[in-house]
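Student: I should like to work through a structure step by step, asking about one part at a time. May we begin once it is in view?

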Amino acid sequence: MTVTAPPLDASLEAYIGALLAPREPDVEPSTDVSAEQSSVDVRAVAPSAAGVESSADVLELKLVKAAGLVFALPAGETADADDAACGAARIIDLAAVATGRPSAAVPATRLALIDHPGVLIAVDSCEGLVEVPSERVRWRTAGGARPWLAGMLDDPRAAVVSVRHLVEEG
Amino acid sequence: MSTWAVCNQKGGVGKTTTAISIASLLAEKGRKTLLIDLDPHASASVYLVGREDDANAGVMRWFSAELDGSAASLPAAAFAAACEETKQPDLSLARATPALAALERRAAGREGFGRVLTTAVARLGARFDDVIIDCPPTLGLLMINALAAAQQVLIPVQTEHLALEGLARMSRTLEMVERSQRRAIPRIVIPTLFDRRTRASLLALERLREEYASVLWPEPVPIDTRLRDAARAGLPPPLYDPAGRAVGVYRRLVDRLIGAAEAGATEAAPQPTADRYGIVAAGSPAAASTRCSLAAAGARS
């Protein structure tokens, strides 16, 4: 795969990049982002009290990549999986859930879910942690076709994942 | 589910014939196969099921749902409703309509619109074992959708000089999509419309072997009038003439595709054996033999 593009192709590459950019959530977010008004249980997305190191309105999210897309998982609900866990767990391939195609990463990076023993999430890579105010997440307001997609974060651009729904679906 | 896009930015290279033949051969093996026609000319659709007056039929439903914001709330069955059966068992079609030609303008400025087909194919889920996408011959929204949705790309290339230039453009486009998606897209280049009697065909084939050896399907699809007869009869070539020469090449290609898919392989480089296929990769004895035949064909070019 070539890394650099010829200058003449730059505009074409930009066009293709825009077409393939991660899409907005399918359902417009509510102007009121309170958990009670969202059909997606924000508490399932937000880190548990034990996982939050700052205030309750700030989410600590673990950014991961899968299928070329960036996802944000509640940091307090995930942990690095050790080798022992890898052998026995049910593994949810985030790329497969999101795009219908299995991850191309070999080996995949696996994350353990603190509230779901025996379940792992496979991703292509972990990109680090971010802390963002809850109101910066555009929460989805209706169930839609992808309940695991809890909302969208614009900066950094990422799809916020509801771990609980992901476990139920995946 | 395996998804292959049949594409080339040049027209008249045998894309639709290749797509229909491969889809038909997959279905012949009892695999639930969906042929997605993304070409606004709708040649594959007319070929397999005839014309349709509803501009919003087939794949246009998926794009329209995205345009009007209803895609997310559509159940999977609604996506499947865009598919229709053909005369061949296990072969379904998601038809094209001329309305697809206006999609570029209607979707202007919408980021992420290149992923609509990826989503649609994912929503079809386990209904199909294989999906073949017949692309339009122009680089645009529809082709990008196809490349994004495909696990592997099949590039028919007519064995003539101008078609090789088109292949170079197609390769650059693929590289751009690879960079954008941060994944490799394996590809197989399929020489088509090969006429061994002409010097032009032989020269083009030799150049393909030299420049695209690692991704070239080694057995060219010959010019075969039975393909035209099959289109006139409205039957996929494998049904019309199961023993046809061109069908034989496609059949061996399909065997290879299925084998690779079932093995979980993603390698693009086809490596059939020399005995079975008369492999003609650059530097092989067969390639040398081809070069020898060029001299003999020179007077007929």
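Student: How far is helix 3 (residues 59-67) of chain B enclosed by the rest of the structure?

Tutor: This is a predicted model. A residue counts as buried if 20 or more other C-beta atoms lie within 10 Å of its own. In helix 3 of chain B, B:Val59, B:Met60, B:Arg61, B:Trp62, B:Phe63, B:Ala65 and B:Glu66 meet this condition. Seven of the nine residues are therefore buried, and the helix is largely enclosed.

Student: Against which elements do the buried residues of helix 3 of chain B pack?

Tutor: Both strands and helices of chain B take part. The elements are strand 2 (33-37), helix 4 (76-80), strand 4 (91-94), helix 5 (103-106) and helix 6 (116-124).

Student: Which residue with a positive phi follows helix 3 of chain B?

Tutor: The angle in question is near 80°. The residue that has it is B:Gly69.

Student: In what order do the seven strands of the open sheet in chain B lie?

Tutor: The pairing in this sheet is mixed. Strand 3 (83-85) and strand 7 (187-192) each have a single partner strand, so they stand at the edges, with one side of each lacking a neighbour in the sheet. On average, neighbouring strands are turned by 25° against each other, direction ignored. The order is 3-4-2-5-1-6-7.

Student: In what sense, parallel or antiparallel, do strand 1 and strand 6 of chain B pair?

Tutor: Strand 1 covers residues 2-6 and strand 6 covers residues 152-158, with three bridges between them. B:Val6 stands opposite B:Leu154 of strand 6. The sense of the pairing is parallel.

Student: At about what angle to strand 6 of chain B does helix 8 run?

Tutor: Helix 8 comprises residues 161-181 of chain B and lies across strand 6 and strand 7. Its angle to strand 6 is about 165°.

Student: Which helix gives the largest share of the largest nonpolar core?

Tutor: This core has 95 residues, and those with the most contacts inside it include B:Ala5, B:Cys7 and B:Leu147. Leaving aside neighbours within four places in sequence, B:Leu147 is in contact with B:Ala5, B:Cys7, B:Val153, B:Leu174, B:Val177 and B:Ile185. The largest share, eight residues, comes from helix 7 (residues 141-149) of chain B.

Student: How many residues are in the other core, which lies apart from this one?

Tutor: Among its members are A:Ala98, A:Leu120, A:Trp139 and A:Ala159. The number of residues in this core is 36.

How values were computed:
Residues numbered from 1 in each chain as written. Chains lettered and ligands numbered in written order. Predicted model: local features only at pLDDT ≥ 70, side-chain atom pairs only at ≥ 80, totals over all residues. Core = buried A, V, L, I, M, F, W, Y, C linked by C-beta atoms within 7 Å. Buried ≥ 20, exposed ≤ 12 C-beta atoms within 10 Å, placed from the backbone. Helix = DSSP H or I, 4+ residues; strand = E, 2+ residues; numbered from the N terminus. Contact = placed C-beta atoms within 7 Å. Pairing = 2+ DSSP bridges. Axes fitted to C-alpha atoms, helices over the stretch in contact; angles between N-to-C directions.
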